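Morning, everyone. I have one structure to show and a few minutes to show it. Please have a look at the screen.

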Amino acid sequence: MEVAFAAEREGRASVRPSSVVDNVYDNIYHRLMSLEIAPGARIPIDVFARDLGVSQTPVREALSRLEREGLVWKEHLIGYSAAPQWTRKQFEDLYAFRLLVEPEAARLAAIRMTPEALQQLEESAADMGHGEAPVDRNTRYSRFARADAQFHDAILKIAGNEIIRSTLSNQHVHLHIFRLMFHTRVTQEALEEHENLLSAFRAGDAQAALDAMRIHVERSRDRLLSAFE
Ligand SMILES: [Zn+2]
């Protein structure tokens, strides 16, 4: 079954037996990220349950998980729909905020870095760069989005400011960004910028970490802005 394989590839099947809910979640998650389910489109529980060959309960549970992640919305008496695409205003506000907090968080992370934390960051960055050949481009992007979110969150965690970390986490930045556009070079350039960040962390250079994060967020903004043109 295709959805079961998806869960296995994500490496979560080894953590605990993959449940029906996990499979349903993965299936809908990838369809949202690849825009196969268009932004704003309705997601009728009964139709999805029938298509996936499951009861309505796991679909309901998967959708409430996706709602917490900001990918679907629930409206009273109407039901679930895919979250709308970001507006340019939302995008610009979010990036202005990222530029205020993420470079500073990278500076703090460089100061508080331990060999263990650096090791984990290196592994997380390597996961992003050396995944096995993707089945298709969109699957690759939705996986990259998740890995990138984890990489940035790991830096915020090391920085140690939980207000910054939870505020950014609640914006679900990466999920929305990777629904915006699907160009291969976004992935490749971001990887090079991550590598610059890692060099700064390896050197214990707080100023270089701040600069590398500022440049990464600015370039990411500039690359993605074309999605609104
Ligand atoms: Zn990144």
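I'll take the metal site, then one helix, then a charge over a ring. Keep in mind that this is a predicted model.

Metal first. Which residues hold the zinc ion? The protein donors are D148, through OD, and three histidines through NE2: H152, H194 and H216. They lie 2.1 to 2.5 Å from the zinc ion.

Now the geometry. The angles among the four donor atoms run from 80 to 168 degrees. The site is irregular. Why not tetrahedral? That label needs all angles between 85 and 135 degrees, and the range here is 80 to 168 degrees.

Along the chain, the donors follow the spacing D-x3-H-x41-H-x21-H. D148 sits in helix α7, residues 137-159, and H216 in helix α11, residues 206-225, so this pair ties together parts that are 68 residues apart in sequence.

Are those two donors buried or exposed? D148 is buried, with a relative accessible area of 5%. H216 is buried too, at 4% relative accessibility.

Next, helix α5. This helix covers residues 88-112. K89 lies in it. At 56% relative accessibility, K89 counts as exposed. The cut-off for that is over 50%. The side chain of K89 has a partner: a polar contact of 2.7 Å joins it to the side chain of D93.

Stay on helix α5 for the rings. How many aromatic pairs does the structure hold? Three. One of them is F91 with Y95. Their ring centres are 4.8 Å apart, with 35 degrees between the planes. That makes the pair tilted. For the label, stacked would need planes under 30 degrees apart.

Both residues lie in helix α5. They are four residues apart, about one turn of the helix. F91 is buried, at 0% relative accessibility. Y95 is buried as well, also at 0%. So helix α5 carries an exposed K89 and a buried F91.

The ring story goes on beyond that pair. Ring pairs link W86, F91 and Y95 into a cluster.

Last item, the charge over a ring. Where does R65 lie? It lies over the face of Y25, at 4.7 Å from the ring centre.

To recap. The zinc ion has four donor atoms in an irregular site. Helix α5 holds the tilted pair, F91 and Y95. R65 lies over the face of Y25. That's it from me. Over to the group.

Technical notes. Residues numbered from 1 in each chain as written. Predicted model: local features only at pLDDT ≥ 70, side-chain atom pairs only at ≥ 80, totals over all residues. Heavy atoms only, no water. Donors = N, O, S within 2.8 Å, 3.2 Å for Na, K, Ca; no water. Tetrahedral: all angles 85-135°; square planar, octahedral: opposite > 155°, others 65-115°. Helix = DSSP H or I, 4+ residues; strand = E, 2+ residues; numbered from the N terminus. Buried < 20%, exposed > 50% of the residue type's maximum accessible area, 1.4 Å probe, protein only. Polar contact = N/O pair within 3.5 Å; in protein donor to acceptor, adjacent residues only side chain to side chain. Phe/Tyr/Trp six-rings, centres within 6.5 Å; stacked < 30°, edge-to-face > 60°. Lys NZ or Arg CZ within 6 Å of the ring centre and 35° of its normal.
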